Amino acid sequence: MIRILSLAWVLWLAMLRKKDLYVLLILLGALLVTLVSINVFGLSGMTRYVADTGFLIAWVFGWILSVLVSARELPLEQARGTIYPLLAKPVTRAEVIVGKWLGAWTVVSAATLAFYALIVAVVLSRHARLDPVALAQAYLLHAASLAVIVSLAMLFSTRLNSDAASTLSFVITGASFLVVPRIPEFLVSLEGFPAYALMLTYHLLPHFDVFDLRQRVVHDFGPMDWAPFWQVILYGSVLTTFFLLLAWMAFRNKRFVRGELSQ
Amino acid sequence: MDYAIETRSLSVEFRSRGGTVRALDRLDLRVRPGQVFGFLGPNGAGKTTTMHALLGFIAPTAGEAFLFGEDIRHSIARKRIGYLPEHPDTYRFLTGVELLKTTGHMFNMTGRALRKRIDEVLAHVGLIEPAGRRISTYSRGMMQRICLAQALLNDPDLVILDEPTSGLDPFGRAQIRTIIADLRIRGKTVFFSSHELSEVELVCDTLAILADGHMVTEGPVAEIVKPGENLERFFMRTVTERRSASTASSKGGRP
């Protein structure tokens, strides 16, 4: 366990010292301040608009950050040559995968928590409130979705370079965010093989929409029931475990060679 | 007897667009505990590939290998090993101490014992003073030494060094020689590759020469280098003869 935690800690130090996180945090802060400063005719609904936009930006930043951080870790280790002294130690490849995943997931979850804190601070500054339980549920489900994204990007990075792994992760997760919720609408007008193929795609791609509680928080619908909440957490855990398992299978026999020769 | 390193018909092949390259061809190698073993060969001979196979970076295509009797396929085999790669690099955003702490954790070392060991290796490689600085501020020689400290942190019984003096100034090379001599005195096994044949002659008791993935010769330095011949001349002659024989046999002639 100490090996996994140590690998995760190295990734934390890398993120804290390379200052990528601070740039996003400052950017989010600047966007929120800009939104707050626009107070058209003193409309009270503007606070909801600010919170809605803030949460949307937090989701987009969390998504970008999780893909970029996790997709580059393993390829970077290989490119720098630091993978060699690492694997020369009695560390298993499964520990490397889990350690990197844990580091990337906790870093992006912590950054997302900072984004949420910023949004809450802005909302409170406008004398409005957000349901704390619903907010906590929203954050935990958001973090669960980040765990899935990080494991997926890590899976691709075991065999692809950092750019290819990032692109593929963005395409698949982006399609899952935007297209998957709309598939049932398309299915109504299809029959036969295309309908089956689309149905299969619907079930194969992760459903990130189930992790999204933004509207519930922004419009003050109150917390969701705990039974479906834990079901979604379980769904995220199963997906994460599945992708990590695939990542380990792809990584365990990978040959590390300097130069042009490959396996 | 458990050898520090033992390979049996170890072969490694790489597939590339131009076809299959056999980087190692049925290599049989035995390194006894306590030996300082020089692993020589021209560029592309298979030295680094052998080291990478021993450390589990590359799965062998055929054959088997053991480190102190443990199959290299198991991570436990690397518990008693220290490794310094050619052109070493590391996490430059860490300080020297942080890097060594992380390394210690990989060997399940913690607490006071780890801190004591870190101080020892830092003193050993002469990096006490800059240990609190980020590695990104280190010179090339300091980088080599912090990576060497990383390789020695677990007090390994076998140290594998891939071109350890490459790119170092005479002071750096002398320091590496001193460290190898110290390891020999403490009964550790050192397995290292180098193109600096004068260095090899100074520190090794046994050597092997590899060419085109084949073992060409192996034995104690004093026995295989004939009187009146230095190691460099012996190396050139041996490799040239091997290449001529290989060319002749590929043309159908007799070697």
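This report walks through a predicted model with chains A and B, from overall build to individual residues.

## Chain A: an all-helix chain

Let us start with chain A, which has 11 helices and zero strands. Its pattern along the sequence is accordingly α-α-α-α-α-α-α-α-α-α-α. The radius of gyration of chain A comes out at 20 Å, close to the 18 Å expected from the globule rule for 263 residues, so chain A is as compact as a globular protein of that length.

If you like to think in box dimensions, the C-alpha trace of chain A spans about 65 × 55 × 35 Å along its principal axes. Of its 263 residues, 36% count as buried. Sequence-distant pairs feature strongly in the contacts of chain A: taking those between residues at least 6 apart in sequence, 85% join residues at least 24 apart.

## Where the two chains meet

On the chain B side, 31 residues are in contact with 27 residues of chain A. Two or more of these chain B residues come from each of strand E1 (5-16), strand E6 (81-84), helix H2 (96-106) and helix H4 (140-152) of chain B. By residue class, the side of chain B that touches chain A holds 16 nonpolar, 11 polar and four charged residues.

## The sheet of chain B

Chain B has an open sheet of four strands, ordered E2-E1-E4-E5, with antiparallel pairing. At its edges are strand E2 (19-31) and strand E5 (70-71) of chain B, each of which pairs on one side only. Strands of a sheet pair through backbone hydrogen bonds, either parallel or antiparallel.

Inside the sheet, E1(B) and strand E4 (residues 62-67) of chain B are joined in the antiparallel sense by five bridges. For a handy register point, B:Ile5 has B:Leu67 in E4(B) as its bridge partner. Helix H1 (residues 47-54) of chain B packs on this sheet and touches E1, E2 and E4 of chain B, with its direction at about 70 degrees to that of E2(B).

## A hairpin further along chain B

Strand E9 (residues 206-211) and strand E10 (residues 214-220) of chain B also pair in the antiparallel sense, over six bridges. Here B:Ile209 stands opposite B:Thr217 in E10(B).

Together E9(B) and E10(B) form a hairpin with two residues between them. If you are checking backbone torsions, look at B:Asp212 in the turn, which has a positive phi of about 50 degrees.

## The nonpolar core and two residues to compare

The largest nonpolar core has 135 residues, and those with the most contacts inside it are A:Val150, B:Ala149 and B:Ile160. Helix H6 (residues 132-157) of chain A gives the most to this core, contributing 15 residues. In soluble globular proteins, nonpolar side chains tend to be buried together.

Is B:Ala149 buried or exposed? B:Ala149 counts as buried because it has 26 C-beta neighbours inside 10 Å, where 20 or more are required. This residue is found in helix H4 of chain B. Leaving aside neighbours within four places in sequence, B:Ala149 is in contact with B:Leu100, B:Val121, B:Leu122, B:Val125 and B:Leu127. The C-alpha atoms of B:Ala149 and B:Gly96 are separated by 9.4 Å, with their positions 53 residues apart along the chain.

For B:Lys116, in helix H3 (residues 111-125) of chain B, the count is 10 C-beta neighbours inside 10 Å, so B:Lys116 is classed as exposed. B:Lys116 and B:Thr165 are 49 residues apart in sequence, and their C-alpha atoms are 27 Å apart in space.

Terms used. Residues numbered from 1 in each chain as written. Chains lettered and ligands numbered in written order. Predicted model: local features only at pLDDT ≥ 70, side-chain atom pairs only at ≥ 80, totals over all residues. Contact = placed C-beta atoms within 7 Å. Nonpolar A, V, L, I, M, F, W, Y, C, P; charged D, E, K, R; others polar. Pairing = 2+ DSSP bridges. Axes fitted to C-alpha atoms, helices over the stretch in contact; angles between N-to-C directions. Buried ≥ 20, exposed ≤ 12 C-beta atoms within 10 Å, placed from the backbone. Core = buried A, V, L, I, M, F, W, Y, C linked by C-beta atoms within 7 Å. Rg over C-alpha atoms; globule rule 2.2 N^0.38 Å.
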